[in-house]
Structure formats: C-alpha cells, structure tokens
Amino acid sequence: MPLYLSRFSYTRETWARLISNPEDRRKAAQAYIESVGGKLHGFWYAFGTHDGYNLWEAPDNVSMAAVALAISGGGALGSFETTVLLTVEETMDAMRQAAQIKYQPPGTVEQPDVTVD
C-alpha cells in the first residue's frame with residue numbers, strides 16, 4: 001500500500017481547546033485511516049512551519065484523499081498537506097520510464113511556418 005506524509009497546523013482555537021483539555025490525537029488519526037482500510041505509522045508534533053506530521057498507509061490515493069478531506073473539513077486545522085511517498089523501487093521504475101520520454105524544453109522545438117489568411 002502507498003505511504004503518505006501529512007503536515008498539519010492547528011488553528012489557535014484548537015490549540016486553546018487542547019491546552020485546556022489535553023487529548024492524545026493519535027487514536028483519532030488511527031480511527032480515520034483505519035476506516036478506509038489503512039494504517040497510521042506515526043504521529044509527531046513539531047516546532048516550525050507545521051505543528052505536526054503523520055505517516056499513513058492507505059489502499060490508494062482516493063482513500064487517502066477521503067481522509068484528508070474529512071480532517072480538513074472539520075475546521076480544527078489551519079493547514080493540512082499530504083505528500084505521496086514513493087519507494088526507491090518505484091522511483092527507479094519512474095527513472096527508467098522517464099528515459100523513454102523525449103522531453104523538449106519550451107522554446108527548443110522548431111515550429112512549422114504558419115500563415116494566417
């Protein structure tokens with residue numbers, strides 16, 4: 001199953017509620033991902049741009065998107081960003097496929113002369 005890294009930040013109101021009534025949010029995060037057949041691999045709080053990070057495993061992008069939408073729509077977060085993580089093997093496969101693509105940067109392709117009547 002694919003892995004996903006989420007970064008989140010609580011609103012000031014959410015922090016105020018958590019300070020007045022401390023709560024371990026790992027259990028809630030675990031329930032959300034398990035409801036779509038996934039697994040929570042980790043939940044961390046941090047200093048910096050984001051208040052916390054989650055490492056999730058989900059059956060597919062749609063399942064993870066459903067969890068992200070449900071969490072984001074709840075109003076407790078000021079931001080929620082999710083990145084799909086690729087294994088080294090998936091990245092190696094992508095590099096092999098990329099070698100087959102004949103990419104040409106903009107402005108390097110000769111354009112045919114076009115006349116307008």
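Begin by selecting arginine 25 and glutamate 23, whose side chains meet in a salt bridge with an N to O distance of 2.6 Å. The coordinates belong to a predicted model. Arginine 25 is partly exposed, with a relative accessible area of 24%, and glutamate 23 is likewise classed as partly exposed, at 42%.

Next, select arginine 26 and aspartate 24. These two side chains also form a salt bridge, at 2.6 Å from N to O. Arginine 26 has a relative accessibility of 45% and counts as partly exposed; aspartate 24, at 42%, is partly exposed too. The search of the whole structure finds four salt bridges, and a further one is visited at the end of the tour.

**From the arginines to phenylalanine 43**

Now select phenylalanine 43 and display its surroundings. Leaving aside residues up to four places away in sequence, its contacts are Phe8, Tyr10, Arg25, Arg26, Ala29, Tyr53 and Asn54. Arg25 and Arg26, each taken from a salt bridge shown above, are thus among the residues that phenylalanine 43 touches. Is phenylalanine 43 buried or exposed? Its relative accessibility is 14%, and because buried means under 20%, phenylalanine 43 counts as buried.

Phenylalanine 43 belongs to strand 2, which covers residues 39–45. For a distance across the fold, select the C-alpha atoms of phenylalanine 43 and leucine 5: they are separated by 10 Å, although the two residues are 38 apart along the chain.

**The sheet**

Extend the selection to the strands. What is the order of the strands in the sheet? The sheet is open, has four strands in the order 2-3-1-4, and its pairing is antiparallel. Strand 2 and strand 4 (77–85) stand at the edges; each has a single partner strand, so one side of each lacks a neighbour in the sheet. On average, and with direction ignored, neighbouring strands are turned by 15 degrees against each other.

Follow the sheet from strand 2. This strand pairs with strand 3 in the antiparallel sense over six bridges. Select tryptophan 44 to see one of the pairings: its bridge partner in strand 3 is tyrosine 53. Then move to the hairpin of strand 2 and strand 3, where six residues lie between the strands. Glycine 48 in this hairpin takes a positive phi near 125 degrees.

Strand 3 also pairs with strand 1, again antiparallel and over six bridges. Tyrosine 53 is a useful residue to keep selected here, as arginine 7 stands opposite it in strand 3.

How many bridges join strand 1 to strand 4? Strand 1 (residues 3–10) and strand 4 run antiparallel and are joined by eight bridges. Two pairs can be selected along this join. Leucine 3 has leucine 85 of strand 4 as its bridge partner, and leucine 5, the residue used for the C-alpha distance to phenylalanine 43, stands opposite threonine 83 in strand 4.

**Helices on the sheet**

Select helix 2 (residues 26–34), which packs on the sheet and touches strand 2 and strand 3 (52–57). The direction of helix 2 makes about 150 degrees with that of strand 2. Helix 3 (residues 61–72) packs on the sheet as well, touching strand 1, strand 3 and strand 4. Its direction makes about 170 degrees with that of strand 4.

Return to strand 1 with its surroundings displayed. Six of its eight residues are buried, so strand 1 is largely enclosed by the rest of the structure.

**A nonpolar surface patch**

Turn to the surface and select Trp15, Ile19 and Tyr45, which make a nonpolar patch of about 320 Å². Tryptophan 15 is found in helix 1 (residues 12–20). With a relative accessible area of 31%, tryptophan 15 is partly exposed.

**Last stop: helix 4**

Finally, select arginine 96 and aspartate 93. Both lie in helix 4 (residues 88–100), three residues apart, which is about one turn of the helix. Arginine 96 forms a salt bridge with aspartate 93, and the closest N and O atoms are 2.8 Å apart. Which accessibility class does arginine 96 fall into? At 49% relative accessibility arginine 96 counts as partly exposed, and aspartate 93 is also partly exposed, with a relative accessible area of 41%.

Terms used. Residues numbered from 1 in each chain as written. Predicted model: local features only at pLDDT ≥ 70, side-chain atom pairs only at ≥ 80, totals over all residues. Heavy atoms only, no water. Helix = DSSP H or I, 4+ residues; strand = E, 2+ residues; numbered from the N terminus. Buried < 20%, exposed > 50% of the residue type's maximum accessible area, 1.4 Å probe, protein only. Contact = heavy atoms within 4.5 Å. Patch = residues over 30% accessible without salt bridge, like charges linked within 9 Å, V, L, I, M, F, W, Y side chains within 5 Å. Areas by Shrake-Rupley, 256 points an atom, 1.4 Å probe, with all protein chains shown as cover. Pairing = 2+ DSSP bridges. Axes fitted to C-alpha atoms, helices over the stretch in contact; angles between N-to-C directions.
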